[in-house]
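Me: Could you take a close look at one part of this model for me? I'd like to hear about the place where the domains meet.

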Amino acid sequence: MAKEGIEPEYVNLRKTREGKWPSPNDFDGVLVGSGIKIAKWTKEAESFLKMNKDCFQGKKPLGLFVSCGTAVQDKEQARKDYLEAIIETFGLTAAMYEAFGPLYDLSGSSKMGFLDKRMLKMASEKSWEEAGLQIDKNGRNDFREWEQIEEFGKQFASILE
Ligand SMILES: Cc1cc2nc3c(=O)[nH]c(=O)nc-3n(C[C@H](O)[C@H](O)[C@H](O)COP(=O)(O)O)c2cc1C
């Protein structure tokens, strides 16, 4: 993004106290993203959208993205379930939105907890097989489309001029 002549600020909403979250008013535009767990956005990302919804109803350019399992099998479904749904819930105006594939880090050095790993394997094993996805059940499976993600960031930057 810096290459596009803008100065991005990255904020991990989960690791920052809510009182310290920046205001969208201090930026030309805001990209908000989340991983999806049990069909839900991360609580903090959803709260951020909710508390700033007035800004994100046309006043401030907003881009939304998710990383989720559904996107690797059916991108259109993922866009509907996890992006169009939240846009409708909060009445947002999103200049751009996209669903990207998941990271299934099942390796020993994964940040994913034991229970999450078990839940993911139990809930998804059948659909992985049906979709013909090759999953290393003890490894790091990165299905995020990095070229498309970069392109998405560039396109968002280009509308901020
Ligand atoms: C416990 C658990 C539940 C998940 N539930 C869903 C789901 O309901 N729908 C989906 O598309 N992906 C689901 N996923 C896949 C995640 O969205 C995917 O791994 C994503 O890359 C996680 O991003 P994060 O690590 O930033 O949270 C789930 C993953 C885990 C571990």
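Reply: Here is a walk through the domain interface, with a short look at the aromatic pairs afterwards.

Keep in mind that this is a predicted model. The domain assignment splits the protein chain into domain 1, made of 2-102 plus 143-158, and domain 2, which covers 105-141. Their C-alpha centres sit 24 Å apart. As for who takes part in the contact, domain 1 brings seven residues and domain 2 brings 10 residues.

How much do the two bury between them? About 550 Å², and 60% of that is on carbon and sulfur atoms. On the domain 1 side, three names are worth clicking on: Lys37, Gln73 and Phe143 account for 70% of the area that domain 1 buries against domain 2, more than any other three residues do.

Lys37 also turns up in the polar part of the story. Its side chain meets that of Asp116 in a salt bridge, at 2.6 Å from N to O. Across the interface of domain 1 and domain 2, the rule finds one salt bridge. Polar contacts between the two domains come to two residue pairs, with both residues at pLDDT 80 or more. Sort the domain 1 side of the contact by class and you get four nonpolar residues, one polar and two charged.

Now for the rings. The aromatic pairs number six by this rule. Phe143, already met as a supplier of buried area in domain 1, pairs with Tyr104 edge-to-face, with 6.1 Å from centre to centre and 70 degrees between the planes. Phe48 and Phe56 make another pair: their ring centres are 6.1 Å apart and their planes stand at 55 degrees, so this one counts as tilted. Both Phe48 and Phe56 are buried.

Methods: Residues numbered from 1 in each chain as written. Heavy atoms only, no water. Domains from an automatic or database assignment. Contact = heavy atoms within 4.5 Å. Buried area = accessible area lost by both parts, 1.4 Å probe. Salt bridge = Lys/Arg side-chain N within 4 Å of Asp/Glu carboxyl O. Polar contact = N/O pair within 3.5 Å; in protein donor to acceptor, adjacent residues only side chain to side chain. Nonpolar A, V, L, I, M, F, W, Y, C, P; charged D, E, K, R; others polar. Phe/Tyr/Trp six-rings, centres within 6.5 Å; stacked < 30°, edge-to-face > 60°. Buried < 20%, exposed > 50% of the residue type's maximum accessible area, 1.4 Å probe, protein only.
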